[in-house]
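Let's take a walk through this protein together, one piece at a time. Keep the 3D view open and turn it as you read.

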Amino acid sequence: MPSPSRSTRSRTKNPGSQSALRHLNQQRIIECLLNGPSTQAELARQTGLSTATVSNIVKIMQDSGLASTEPTTSSGRRALNVRLNSNGAVAVGIDFGRRHLRVVLASLSYHVIAEESVLLPLGHHAEQGIQAAVALLDKLLADSGAERTAVVGAGVGIPGPIDRRTSTVAQGAILPEWVGIDIQERLEEAFQFPIFIDNDSNLGALSEVTWGPHSGISNLLFMKIGSGIGAGLILNGNQYYGNVGITGEIGHATIHEHGLICRCGNRGCLETIASTTTMIELLSRGEERPLTPEDIVRKALARDAATLRVVDDAGLAVGRALGNVANLINPEVIVVGGPLAGLGDILLDPIRRGLVRHAVPVIGETTTLTMSSLNDRAEALGAAALVFQHAGIRRT
């Protein structure tokens, strides 16, 4: 499993500050408690921290719902037993899309307590999306009987490049109405608990090595094909963010030099050929209403000739782009996710052909290509996993 990924908030924090030290000490205590309940004295011995420090951190964890305590006896003396509240504490995963919002509540034992998705207006502003997320979270908390005080934090996925120096969505995002807004600050104002933000494809990669079947994989690429196309990278067991946090923009790899103008300003980008937006534009001609990604899946499974051709062309283009990336990083596994996951081999087969054609033979032969088993939940589950990692919780 990758080491805890770093949000913009944690990256800008002074590593020598009291809050950073307290966070590190809390992680050490949590690591001990993952093996079972312990007294505060035992935690002090195991971590090397003073009993006063352990007591203070346990009090903070207790107030946040992360831990509970009960009187006990140790070596004939009164003591305080500490245990993690695997079912009481809640992590929130939020996935903002161009047209959708999904919120997941999960316990610290990696169990989904509740989840729901709703549609958002195309071109919605950040404020509209945030308010919808607040309302949906309140609904899920009420329906599940969970207290708001039990929430230890929320991970948030945004479909666009995030400059981790400033917590802002950079130019080129699928949600241009969100560009330039300090998402970190605004979300914390709205939710009133810790927020950890990341690109949705990065969270898709994280979900595959936590919630998904790839926990033992050290080099994995997760590719989301949706309104935009992006990739999240796990390299040598860690999430890879590059210099300022903007990586995996594979949707803007040039496929046709003289192709259509992309929203990024270049020509012939992969997104102009293989995004669901492009597929919908091609397949909606002559239809009474614009198709949806679900319609594409349905028509392809029904063997509609035009839909199969569009999907095949898109898959070959995706495979070509992946071949170039695979030549560079040599991943063990490539996982394809997004709203077209239901296509299965109808989409994977042309991607595999493109990958094998454009990758070095030994790389094409040894790279596993698979569809995400998490479907459209991957990004929200990855967002919840981001909270677990910042709390030092690893799935066992």
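A good place to begin is helix 7, which lies across strand 4, strand 7 and strand 10 and runs at about 100 degrees to strand 10. Bear in mind as you look that this is a predicted model.

Now look at the sheet that those strands belong to. It is an open sheet of 5 strands in the order 6-5-4-7-10, and its pairing is mixed. At the edges you will find strand 6 (112-119) and strand 10 (195-199), each of which pairs on one side only. Follow the sheet across and you will see it twist, by an average of 15 degrees from one strand to the next. Helix 5 (residues 126-144) also packs on this sheet, where it touches strand 4 (90-96), strand 5, strand 6 and strand 7 (151-158). The direction of helix 5 makes about 35 degrees with that of strand 5.

Let's zoom in on one pair of neighbours here. Strand 5 (residues 100-107) and strand 6 run antiparallel and are joined by 7 bridges. To find your place, pick out His100, whose bridge partner in strand 6 is Leu119.

Next, return to helix 7, because there is another sheet to meet. Helix 7 (residues 200-208) also lies across strand 11, strand 12, strand 13 and strand 14 (333-337), this time running at about 45 degrees to strand 12. These strands sit in an open sheet of 5 strands with the order 13-12-11-14-15, and here too the pairing is mixed. Its edge strands are strand 13 (238-239) and strand 15 (368-371), each pairing on one side only.

Strand 12 (residues 229-235) is a helpful guide to this part of the model. On one side, strand 12 pairs with strand 11 in the antiparallel sense over 6 bridges, and Lys224 stands opposite Gly230 in strand 12. The two strands form a hairpin, with 3 residues between them. Strand 12 also pairs with strand 13, again in the antiparallel sense, over 2 bridges. Here Ile234 stands opposite Gln239 in strand 13. Strand 12 and strand 13 form a hairpin as well, with 2 residues between them. In that turn, Asn236 has a positive phi of about 50 degrees.

Is strand 12 enclosed or open to its surroundings? Of its 7 residues, 6 are buried, so strand 12 is largely enclosed by the rest of the structure.

Helix 9 (residues 276-283) tells a similar story: 6 of its 8 residues are buried, so this helix is largely enclosed by the rest of the structure. The buried residues are Thr276, Thr277, Thr278, Met279, Ile280 and Leu283. What do they pack against? Their partners are strand 11 (220-225), helix 8 (271-274), helix 10 and helix 11.

That brings us to our last stop, where helix 10 (residues 293-301) packs with helix 11 (residues 305-329) at an angle of about 110 degrees, their axes 8 Å apart. Helix 10 is therefore roughly perpendicular to helix 11. Helix 10 passes helix 11 in a left-handed crossing. At the contact, Ile296, Lys299 and Ala300 from helix 10 meet Thr307, Leu308 and Val311 from helix 11. Sorted by kind, the residues of this contact are 4 nonpolar, 1 polar and 1 charged.

Conventions: Residues are numbered from 1 along each chain as its sequence is written. This is a predicted model: local features need pLDDT of at least 70, side-chain atom pairs count only at pLDDT 80 or more; totals for chains, interfaces and linings use all residues. Side-chain values use heavy atoms; hydrogens and water are left out. Axes are lines fitted to C-alpha atoms, for helices over the stretch in contact, and angles run from 0 to 180 degrees between N-to-C directions. Helices (H or I, at least four residues) and strands (E, at least two) are DSSP runs, numbered from the N terminus. Angles under 35 degrees count as roughly parallel, over 145 as roughly antiparallel, 65 to 115 as roughly perpendicular and the rest as oblique. A crossing is left-handed if the near helix is turned anticlockwise from the far one by less than a right angle, and right-handed if clockwise. Contact means heavy atoms within 4.5 Å. Ala, Val, Leu, Ile, Met, Phe, Trp, Tyr, Cys and Pro count as nonpolar, Asp, Glu, Lys and Arg as charged, and the others, Gly among them, as polar. Buried means under 20% relative accessible area, exposed over 50%, partly exposed in between (1.4 Å probe, protein chains only). Two strands pair if DSSP finds at least two bridges between them.
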